[in-house]
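User: Please take a close look at a single part of this model and describe it in some detail. Set it against the chain as a whole, and add other local features where they help.

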Amino acid sequence: MSSTDDPSPAWVRLTTVIAGLSAVATGIRHDIAVPGLTPGLLMAIVLTPLWLPHVVRSAAVRWVVLIGGGAIAWGLVVALFNDNNAYDPRTLVFQVVLAVSVIGCGCLLIWVQSVIGTSWTVLLFGIGALVRVAMNGANPVNPWKYSWAVPVTIALLGAALIAGSRLLEFIVLIIVAGISATSDSRSMSAFLIITAALVTWQLARRGGRSLNRGALAAALVLGGLGGYNLFQTLILNGVLGEDAAQRTQAQLDATGSLLTGGRPELGASQALLEARPQGFGPGAIPTANDVVLAKSGMSDLNYDANNGYVEVFMFGGRFELHSVIGDFWIWLGPLGALLIVLLVAIAVRALIEAIAGNRASAAMCLLTILGLWDAAFSPVLTSYHTMTLMWAIAVTSLAQSASRARAVESGPSPSAHDAEGVEVEAGRGDGRD
């Protein structure tokens, strides 16, 4: 490229400001006029000419857009021909727009990272999420657990990533894990401890050669299972308090598993999806038969489903299965579920690649762990914005890994220097603190 083709300093400054504002806006989960239209989605729509040429080169993004578009079309067709359920127009718009947001805001964040880097993107996204809590107020039931924990952690890990220090990442994780443990947040505490273990592992093997991806994936699965069982044992022994120990024991006694005992919504999901595998379409209102069927699935897990939570929260005018995969299947059919599986698969692949090369940040590790959990066990409304950040970071990380691989194959060259510069900017470089 000749010097006459270089962007002007004024344009560089302008795009930097726009990218920073976009990262903040994407973290603000707050509707504007239309259900599901958030500041982040509005920015994604307005800035399409900027991000589209950048992201269209990614095969992963093309697959996300293809499957996501197909899922939305599938859901609308199912809704059109479903005579069993009534439909709420406002809910229909919200659920379709939310699916568009997961795709569009993810593409926007991929472009944002190309302008200001992953580290600043994470920090500013976290600040946006904090702004959202300040605007709407924290959940009075447990402000830290339900409102502050995730945005505070993301913002702090973004700052640590800018500093380029794994030690600072570890300190942040331990402090936030301690706060979560004393705030009745069992799952968040576990996620933070697992992330701290991954950070510590990479810190210990700093400068080591790249690991075999298959062996690493197997080790992570085994390590995750071992960590899950250890954490469960610690809870039962009262490490997080007597109340948490009693609640955990009751869930184990009910089904023999903490997952099914703590998430009886799985029974409802299985019953509904077996009865109607094509989904119900966006905006569908559960019928009395749908609710009875869902309750029977929950009863199979020894859960008494005759309560307000099931009748009001889960099926009060809409379907809410407390699972991103389950809800997307209900709204958009099997393609909707496949979209979420694809996003998580992209994130897992990127994480394995980054850990193998000793380049996975704490933010990337935590977001991937959260994405895995949210896909199976969390409501869409409280999960989709962090899942969007997760897959956007993953796509960028995979592109950087591919760039490094090409640089290694071609030997020392300007492209190799550029690939190294990308990682230094992202707060990783050669892994030095």
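Analyst: **The chain as a whole**

The chain has an accessible surface of about 19100 Å², and carbon and sulfur atoms contribute 66% of it (Shrake-Rupley method, 1.4 Å probe; for residues, only the protein chains shown count as cover). The model is predicted: local features need pLDDT of at least 70 and side-chain atom pairs pLDDT 80 or more, while totals for chains, interfaces and linings use all residues. Residues are numbered from 1 along each chain as its sequence is written, and side-chain values use heavy atoms, without hydrogens and water.

The chain holds 18 helices and two strands (DSSP runs numbered from the N terminus: helices are H or I with at least four residues, strands E with at least two). Of its 433 residues, 51% are buried (buried is under 20% relative accessible area, exposed over 50%, partly exposed in between, with a 1.4 Å probe and protein chains only). Among contacts with a separation of 6 or more, 74% join residues 24 or more positions apart (contact means heavy atoms within 4.5 Å).

**Helix 14 and the loops beside it**

The part chosen is helix 14, residues 308-314. Asn302 sits in the loop between helix 13 (288-299) and helix 14. On the other side, His322 belongs to the loop between helix 14 and helix 15 (324-356). Most residues other than glycine have a negative phi. Asn302 is not a glycine, yet its phi is positive, about 60°. His322, also a residue other than glycine, has a positive phi near 60°. In accessibility the two part ways: Asn302 counts as exposed because its relative accessibility is 57%, whereas His322, at 16%, counts as buried.

Six aromatic pairs turn up in a search of the whole structure (rings of Phe, Tyr and Trp, the last by its six-membered ring, with centres within 6.5 Å; planes under 30 degrees apart are stacked, over 60 edge-to-face, the rest tilted). Tyr309 and Phe313 are stacked because their ring centres are 5.3 Å apart and their planes lie at 15°. Both residues are in helix 14, four residues apart, which is about one turn of the helix. Tyr309 is partly exposed, at 29% relative accessible area, and Phe313, at 30%, is partly exposed too. Elsewhere, ring pairs join Phe191, Trp373 and Phe377 into a cluster.

**Beyond helix 14**

Ala345 is in helix 15 and is partly exposed, with a relative accessible area of 40%. Its C-alpha lies 9.0 Å from that of Trp391, although 46 residues separate Ala345 and Trp391 in sequence.

In helix 7 (residues 166-181), Ile171 is partly exposed at 39% relative accessibility. Ile171 joins Leu167, Leu168, Ile175 and Ile179 in a nonpolar surface patch with about 400 Å² of accessible area together (patch members have over 30% relative accessible area and no salt bridge; nonpolar side chains, namely Val, Leu, Ile, Met, Phe, Trp and Tyr, are joined within 5 Å and like charges within 9 Å).

Arg29 lies in the loop between helix 1 (9-27) and helix 2 (39-46). Arg29 is buried but has no salt bridge (a side-chain nitrogen of Lys or Arg within 4 Å of a carboxyl oxygen of Asp or Glu). The nearest side chain of opposite charge is that of Asp31, 7.8 Å away. Leaving out residues up to four places away in sequence, Arg29 touches Arg132, Asn136, Leu381, Thr382, Tyr384 and His385.

Technical notes: Lys, Arg positive; Asp, Glu negative; His and termini not counted.
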